[in-house]
Amino acid sequence: MRNIDKYLSLLDGEVDGLLLTSRYSRYYGAEFDIAEGVAIVTKAGCRYFTDSRYIESAEKGIRGFTVKMVDRENPYRKLLNEAIADFGVTVLGFEEDYLTVAEFRRYEESLNAKLVPFNEKINGFRAVKEPWELEQMRKAQDITDAAFAEVVTRIHPGMTELDLQAELIYCLYKNGAHGLSFDPIVVSGPNTSLPHGVAGDRVIREGDFVTMDFGVLYRGYCSDMTRTVAVGYATEEMKKVYDTVLKAQLAGIAATRAGVPGKEIDGAARQVIADAGYGAYFGHGYGHSLGMEIHEMPGCNPSGERIMAENMVASAEPGIYLPGKFGVRIEDVVIFGADGCEDITHSPKNLMIV
Ligand code: ZN
Ligand code: ZN
């Protein structure tokens with residue numbers, strides 16, 4: 001099914017048009033990524049508006065929409081109202097999660113149609129990926145794996161977290177990243193107990209854990225992975241915590257398949273950590289969905305009631321964080337299948353001493 005047909009299927013009741021303002025919904029509907037623009041979807045026709053910076057590529061790449069250029073004489077509101085009149089639209093569903101209050105007010109004042117919040121329906125389709133989306137995500141993850149293989153050879157005592165972050169970002173781009181899916185997390189030693197710590201001036205030393213959590217954008221799709229490595233050596237306690245996190249992740253992955261709620265997957269991993277006596281030190285959820293955005297719904301966490309479906313994509317990232325000491329997180333990305341899942345992160349997971 002083409003994505004535009006999914007959008008058209010929303011037009012049978014509450015709304016007779018969709019106003020697509022976010023880059024995500026426009027990319028999804030047109031199956032072509034344009035940084036800026038606005039699109040309108042109706043059963044009578046679909047139009048896509050963008051400015052002179054993007055018009056040439058929009059005209060070449062966009063399918064299913066009539067492309068029109070905005071300029072000073074033809075601003076968005078004028079072109080949208082033309083479409084509203086031509087297609088007889090009375091109620092437009094819009095993406096309330098992606099408009100500022102000021103933007104919403106401007107649309108509300110200028111458009112000759114009623115606006116109703118419709119984000120959950122418009123962007124809800126994105127949870128289950130099409131085969132072409134899965135291909136982009138596998139490629140994004142491959143780039144991330146290749147960068148990891150390279151960056152581990154560059155870790156050495158004496159460099160700072162910021163030095164390592166710079167090396168990591170260089171390796172990501174050198175291996176084909178189009179962008180970063182989020183600011184990487186690079187923490188070392190006692191800072192590894194901060195699940196989302198920020199790289200700083202701390203100098204990496206022998207006996208440290210180093211945690212790197214990073215991902216790229218590839219054709220607008222995100223990857224995400226975390227590896228924790230030891231520098232020089234690891235103490236018995238470090239090894240025990242690492243093994244527990246790895247066992248927890250493998251238990252979560254073993255429980256991952258379509259037809260189960262996210263909380264069941266989280267629970268399988270959480271149980272392993274609790275049984276090892278570290279239950280109090282795993283505060284965050286086991287996994288989040290991802291796609292065009294790094295954090296999407298649904299989540300695999302203790303309140304994840306939603307039944308997961310085939311071709312959803314989520315992270316598998318348990319962790320143990322011992323305040324003042326160290327922390328460990330291991331993260332892969334998996335694609336949900338009918339009887340299991342495909343782990344699309346291929347970097348090694350046994351404790352690496354660099
Ligand atoms: Zn991550
Ligand atoms: Zn993640």
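**Exercise 1.** What spacing do the donors of the zinc ion (ligand 1) follow along the chain? Use the predicted model to list the donors and classify the site of the zinc ion (ligand 1).

*Solution.*
1. The atoms that coordinate the zinc ion (ligand 1) are D213 (OD), D213 (OD), D224 (OD) and E331 (OE), at 2.0 to 2.7 Å.
2. Along the chain, these donors follow the spacing D-x10-D-x106-E.
3. The pair D213 and E331 links distant parts of the chain, 118 residues apart: D213 belongs to strand β9 (residues 209-214), while E331 sits in the loop between β17 (326-329) and β18 (332-336).
4. For the geometry, a tetrahedral site of four donors needs all angles between 85 and 135 degrees. The 4 donor atoms here subtend angles of 52 to 152°, so the arrangement is irregular.
5. As for accessibility, both D213 and E331 are buried.

**Exercise 2.** Which residues are the protein donors of the zinc ion (ligand 2), and which residue coordinates both zinc ions?

*Solution.*
1. The protein donors of the zinc ion (ligand 2) are D224 (OD), H288 (NE2), E317 (OE) and E331 (OE), and they lie 2.1 to 2.2 Å from the ion.
2. In sequence, the donor residues are spaced D-x63-H-x28-E-x13-E.
3. D224 and E331 connect distant parts of the chain, being 107 residues apart; D224 is in the loop between β11 (221-222) and β12 (225-230), and E331 is in the loop between β17 and β18.
4. The angles among the 4 donor atoms run from 78 to 151°, and the site is irregular.
5. The zinc ion (ligand 2) is 3.0 Å from the zinc ion (ligand 1), and D224 coordinates both.
6. D224 is buried, as is E331.

**Exercise 3.** Describe the largest pocket by volume, lining and residue class.

*Solution.*
1. The volume of the largest pocket is about 410 Å³.
2. Its lining consists of 20 residues, and those nearest the centre are N123, E296, M297, P298 and R306.
3. The elements that give two or more residues to this lining are α6 (119-124) and β14 (296-300).
4. Sorted by class, the lining of the largest pocket has 4 nonpolar, 8 polar and 8 charged residues.

**Exercise 4.** Which element gives the most to the lining of the second largest pocket?

*Solution.*
1. The second largest pocket holds about 310 Å³ of space.
2. The residues that line the second largest pocket are T21, P75, Y76, R77, L80, Y98, L99, E103, R106, Y107, S110 and L111.
3. At least two lining residues come from each of α4 (76-87) and α5 (101-110).
4. Of the elements, α5 gives the most, with 4 residues.
5. By class, this lining comprises 7 nonpolar, 2 polar and 3 charged residues.

**Exercise 5.** Is Y48 buried or exposed? Give its element and its contacts.

*Solution.*
1. Y48 lies in strand β3 (residues 45-50).
2. Buried means under 20% relative accessible area. Y48 has 0% relative accessibility and therefore counts as buried.
3. Leaving out residues up to four places away in sequence, Y48 touches R26, A30, I34, V38, A39, I62, F65, T66, V67 and K68.
4. D5 is 43 residues from Y48 along the chain, and the C-alpha atoms of Y48 and D5 are separated by 16 Å.

How values were computed. Residues are numbered from 1 along each chain as its sequence is written. Chains are lettered from A and ligands numbered from 1 in the order in which they are written. This is a predicted model: local features need pLDDT of at least 70, side-chain atom pairs count only at pLDDT 80 or more; totals for chains, interfaces and linings use all residues. Side-chain values use heavy atoms; hydrogens and water are left out. On a 1 Å grid over the protein atoms alone, a cavity is a set of points where a 1.4 Å probe fits but cannot get out, and a pocket is an open set with protein on both sides within 12 Å along at least five of seven lines; lining residues have an atom within 4 Å of a point. Grid points are joined across faces, edges and corners, and a volume is the space filled by probe spheres set on the points. Ala, Val, Leu, Ile, Met, Phe, Trp, Tyr, Cys and Pro count as nonpolar, Asp, Glu, Lys and Arg as charged, and the others, Gly among them, as polar. Donors are N, O and S atoms within 2.8 Å of the metal (3.2 Å for Na, K and Ca); water is not among the atoms, so sites may look incomplete. Four donors count as tetrahedral if all angles lie between 85 and 135 degrees; four count as square planar and six as octahedral if opposite donors are over 155 degrees apart and all others between 65 and 115; anything else is irregular. Buried means under 20% relative accessible area, exposed over 50%, partly exposed in between (1.4 Å probe, protein chains only). Contact means heavy atoms within 4.5 Å.
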